Amino acid sequence: MATRSRTLLFLKYRNTFARNHSRPLATSSGYDAYNTSEQAGLIESSDHVIELTVLPPKWIDIVDEVDDDIDQIKNLLPTLESLHKKHILPGFDDRTKEEKEIERLTDEITHLFQQCQSKIKRIANESLSSIAPNQERAMSKNIQTSLASKLQELSSSFRKQQASYLKKLKGRESKGSKFFLIESNDSNEDDLELGFTSSQLARVESSEAVISQREREIIEIAKSIHTIAEIFRELQSLVIDQGTLLDRIDYNVEQMSVNVKSAVRELDKGAQYQKKTRNRKIILLLLLLIFGLIIILIFKPR
Amino acid sequence: MDIVKSVQNYINKMVNEVTGMKVLLLDSETTPIISNVMTQSSLLSHETYLVDRIDNKNRDRMRHLKCICFIRPTSETIQMLVEELRDPRYGDYYLYFSNTLSKSSIERLAEVDEHEVVREVQEYFADYCAINPDFYSLNLSLPQYRLYGDSQNTWESKTFQRVIEGVLAVLLSLKKKPLIRYEKMSVMAKALAEEVHYSIQKEGELFVFRPTDTPPILLILDRRNDPVTPLLSQWTYQAMVHELLGIHNGRVDLSDVPDIRPELKEIVLSRDQDPFYKKNMYLNLGDLGANIKSYVEEYQAKTKSSINIESIADMKRFVEEYPEFRKLSGNVSKHVALVSELSRLVEKETLLEVSELEQSLACYGQHSSDLKNLQKLIANPKISEDSKIRLVSLYSLRYEKSPNNDVISLIELLRRNGVSEDKISFIGSIMEFAGSDQRQDDLFSNESLLSFGKNVFKGLKGVENVYTQHSPHLSQTIELLVKGKLKETSYPFIEGSTKDRPQDIIIFMVGGVTYEEARHIAQINASAAGFRVVLGGTTVHNSVSYLNEIQDAFYRFPSGGGTGARLARFSKPRNGY
């Protein structure tokens with residue numbers, strides 16, 4: 001892994017050349033005008049061409065947004081995991097606040113995922129609708145793929161996390177109900193004929209409340225898993241499968257030149273068509289002329 | 001000493017050092033170098049959103065992108081770069097060259113960089129195709145690169161330059177400053193050894209590495225010392241695919257296969273992304289068949305479980321396993337298609353019989369039975385012409401010195417069975433090219449009594465598999481080298497010498513290597529015998545490409561005297577014929 005930097009030597013050479021040529025920079029092209037705009041006058045008097053291509057296409061901003069969202073998800077995931085762990089541990093405190101927090105976080109993450117997905121879709125739409133050059137379109141496709149795979153990876157880890165939490169919750173519930181069952185059996189033996197005491201009734205009621213709350217939680221989580229799964233499926237169409245030809249760099253490069261070639265061919269064809277239509281227009285014009293002359297001929301002798 | 005890793009590290013360093021959205025520009029030679037070790041998705045994950053060739057003139061102007069150029073410095077590519085920098089299409093340029101860059105080129109680039117867009121100029125020595133972690137190739141194949149100049153002992157100058165640079169890049173990327181040994185009989189190996197030595201001296205500052213206890217060895221060999229290995233049929237997965245279908249930069253073209261599904265017309269074989277291939281690439285067809293069966297069964301079990309989705313839990317599990325499942329299904333169908341094509345070809349060309357005779361010719365040599373079998377196979381219309389030519393070539397290499405050999409009548413027999421003159425002439429070429437006068441070692445172990453005894457002993461031990469008993473001459477050479485017994489008279493040092501057992505051995509084979517040798521190297525490395533070997537050559541040969549290269553060379557040699565003169569050797573009995 002030896003490397004050698006030639007940058008310094010290059011810069012040295014470049015500087016000597018720059019001095020020799022008395023900095024041809026300022027007058028060379030529009031790009032430099034862009035660079036040195038601070039020195040330039042406000043109103044361009046010369047016939048500089050203002051290069052619009054310096055500006056990135058509009059959808060690049062969306063890419064940044066998606067990147068931010070992904071970062072946010074990455075930050076939230078560990079928080080959620082630690083909350084999950086804390087919640088699974090048995091304890092006697094009031095847990096409603098914690099549960100609320102978990103719910104909120106889960107919602108937020110799910111929402112972020114949805115948002116990312118719709119943004120990726122928007123990139124696709126924007127880059128298609130604009131009359132973008134061929135290569136720019138290729139690039140936007142590559143960007144979508146890359147974002148989709150990133151999101152895919154995140155969502156799969158999120159789903160796994162949710163699933164394991166769900167499993168643990170369920171496990172605790174069944175353990176809990178077993179515990180309740182045994183207890184009620186005991187009491188049944190003791191107070192067979194006496195019916196439930198008020199304290200027992202209260203206990204049953206409270207355990208029912210706990211159970212129904214668990215149920216609700218589980219449904220919540222199952223729902224979020226479902227939404228994420230949907231997103232997952234949609235993204236899958238964008239992601240490149242590993243080990244396929246599509247994942248080869250040389251194949252993609254070849255495709256690019258094939259695309260360019262076919263585009264050139266189509267342009268040629270278009271030009272041909274245009275030529276043809278021009279011919280046709282002239283013929284039509286001549287025909288019209290002849291027709292007009294005939295009409296004149298018909299009406300003139302009178 | 002993992003060359004795949006070192007090329008990957010170079011490229012990762014490139015795409016990591018430049019942050020933000022970028023485009024990667026390659027040339028015709030760096031494209032395969034990069035494609036062999038990286039994937040499109042790994043580039044995408046480093047924000048490299050566009051990959052293109054520098055010779056593509058129709059690139060759009062995208063000033064908001066940074067540009068990484070990874071380019072092999074040749075006069076053509078420097079010219080393209082000059083044009084690119086004169087009218088830059090991208091914002092910033094980071095130039096990485098795959099080899100040493102001459103000062104005049106740097107000066108030229110600096111002169112045209114009027115827009116001051118170049119930010120970095122670096123030399124990253126990833127200048128060879130890393131195929132396996134211990135196996136590389138320079139991909140110098142016809143028609144782009146010719147190996148031989150105007151005789152079988154001279155280099156083509158363009159190829160020679162490329163080879164020197166390639167070998168230097170291997171050494172630099174592994175950070176080795178070796179002692180150089182070469183094969184004495186081979187003029188080309190000697191020329192290369194001297195030139196590499198000279199370049200190491202010249203670029204002294206680059207070759208300053210931490211000294212090791214025992215110096216690494218660069219061993220330069222010549223294919224002509226072992227013409228047998230590339231002529232044999234292969235039975236291990238990687239070697240077999242290359243022999244029968246051809247692997248080109250990790251891609252296999254299956255478009256000629258009958259009833260192939262469109263998505264399998266061209267497939268990729270990559271150790272990195274395909275665990276099944278990694279596990280089975282060195283196994284023979286029999287074991288491979290068993291493994292592929294269990295692979296399919298594993299797949300079936302997964303399909304079944306995914307079919308009966310009844311509960312939410314099933315569904316959840318399915319979605320979780322879905323990407324895994326998709327990957328598996330693609331991979332299974334790929335390998336099944338490949339292996340079934342291999343076995344179809346084996347069946348069609350009766351390769352089992354051919355291979356049995358080949359192995360007997362290469363390893364034992366019982367003249368009368370070999371001759372009888374050979375005559376029988378030549379008469380068999382099912383066997384392809386190429387196989388017949390290979391068999392007769394092996395026969396004539398084996399029994400060249402034996403007084404009662406019957407090459408002339410065999411050639412007559414080939415003619416009678418309708419094999420074209422063109423192909424028959426190859427037998428003469430290879431004898432001229434790599435006959436026993438051209439070889440320095442006792443390839444068939446039949447020249448001295450001692451090695452003859454060894455051979456008999458080997459025969460008594462019995463063999464596991466009749467079709468893979470041949471072991472290339474190379475493994476013998478390595479064995480002698482690590483024991484310190486490789487004779488200095490036949491493998492001299494360029495400068496200095498050592499009696500120590502070497503720890504790191506880098507081998508370069510002039511005239512191409514084979515996957516059979518790659519497999520042996522992998523086995524040697526896996527046995528962890530306290531030393532590591534990396535093997536490479538000008539190209540990776542199968543029998544067809546080997547025959548083509550020799551044939552192409554001989555048609556051009558003025559001294560060869562044309563096909564007729566070479567065949568004359570067989571038509572009139574001469575020294576022992």
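Mentor: Let's start with a definition: two strands count as paired if DSSP finds at least two bridges between them. Keep in mind that we are looking at a predicted model.

Trainee: Thanks! What makes E10(B) and E11(B) a pair?

Mentor: The rule asks for at least two bridges. E10(B) and strand E11 (residues 251–253) of chain B have two bridges, in the antiparallel sense. Two meets a minimum of two, so the strands are paired. Within this pairing, Ile247(B) stands opposite Val252(B) in E11(B).

Trainee: Why are E10(B) and E12(B) called edge strands?

Mentor: Look at the whole sheet. It is open, with three strands in the order E10-E11-E12 (chain B), paired in the antiparallel sense. Strand E10 (247–248) and strand E12 (266–268) of chain B each pair on one side only, and that is what the name edge strand refers to.

Trainee: How do you know that E1(A) pairs with a strand of chain B?

Mentor: By the bridge count again. E1(A) is joined to strand E5 (residues 118–124) of chain B by three bridges, and the two run antiparallel. The threshold is at least two, so the pairing across the chains qualifies. As one example, Ser5(A) has Gln122(B) as its bridge partner in E5(B).

Trainee: Why is the meeting of Glu254(A) and Arg251(B) called a salt bridge?

Mentor: The cut-off is 4 Å from a side-chain nitrogen of Lys or Arg to a carboxyl oxygen of Asp or Glu. For Glu254(A) and Arg251(B), the N to O distance is 3.3 Å. That is within 4 Å and the residue types fit, so the name applies. The rule finds seven salt bridges across the interface of chain A and chain B, and there are also 19 residue pairs in polar contact between these chains, both residues at pLDDT 80 or more.

Trainee: Which helix gives the largest share of the chain A side, and what kinds of residue does that side hold?

Mentor: Several elements of chain A supply at least two residues each, among them strand E1 (3–5), helix H1 (7–20) and helix H6 (134–190). H6(A) gives the largest share, twelve residues. By class, the side of chain A that touches chain B has 32 nonpolar, 17 polar and 15 charged residues.

Trainee: What area do the two chains bury?

Mentor: Chain A and chain B bury about 6,500 Å² between them, with 60% on carbon and sulfur atoms. On the chain A side, Met1(A), Arg4(A) and Ile249(A) supply 14% of the buried area, more than any other three residues. The contact involves 64 residues from chain A and 76 residues from chain B.

Trainee: What makes Arg162(B) and Glu29(B) a salt bridge, and which parts do they tie together?

Mentor: Their side chains meet at 3.0 Å, N to O; the limit is 4 Å, so the pair passes. Arg162(B) lies in helix H6 (residues 157–173) of chain B and Glu29(B) in the loop between strand E1 (22–26) and helix H2 (30–37) of chain B, so parts 133 residues apart in sequence are tied together. Over all chains, the search finds 41 salt bridges.

Trainee: How do you know that domain 2 and domain 3 of chain B touch?

Mentor: Contact requires heavy atoms within 4.5 Å. Twelve residues of domain 2 of chain B are in contact with eight residues of domain 3 of chain B. The area buried between these domains is about 760 Å², and carbon and sulfur atoms give 56% of it. In domain 2 of chain B, the residues losing the most area are Asn132(B), Tyr515(B) and Arg519(B), together 58% of what that side buries.

Trainee: How many salt bridges and polar contacts link those domains?

Mentor: There are zero salt bridges between domain 2 and domain 3 of chain B, but four residue pairs in polar contact, both residues at pLDDT 80 or more.

Note on methods:
Residues are numbered from 1 along each chain as its sequence is written. Chains are lettered from A and ligands numbered from 1 in the order in which they are written. This is a predicted model: local features need pLDDT of at least 70, side-chain atom pairs count only at pLDDT 80 or more; totals for chains, interfaces and linings use all residues. Side-chain values use heavy atoms; hydrogens and water are left out. Buried area is the accessible area (1.4 Å probe) that two parts lose on being put together, summed over both. A polar contact is a pair of N or O atoms within 3.5 Å; within protein, one must be able to donate a hydrogen and the other to accept it, and residues adjacent in sequence count only if both atoms are side-chain atoms. Helices (H or I, at least four residues) and strands (E, at least two) are DSSP runs, numbered from the N terminus. Ala, Val, Leu, Ile, Met, Phe, Trp, Tyr, Cys and Pro count as nonpolar, Asp, Glu, Lys and Arg as charged, and the others, Gly among them, as polar.
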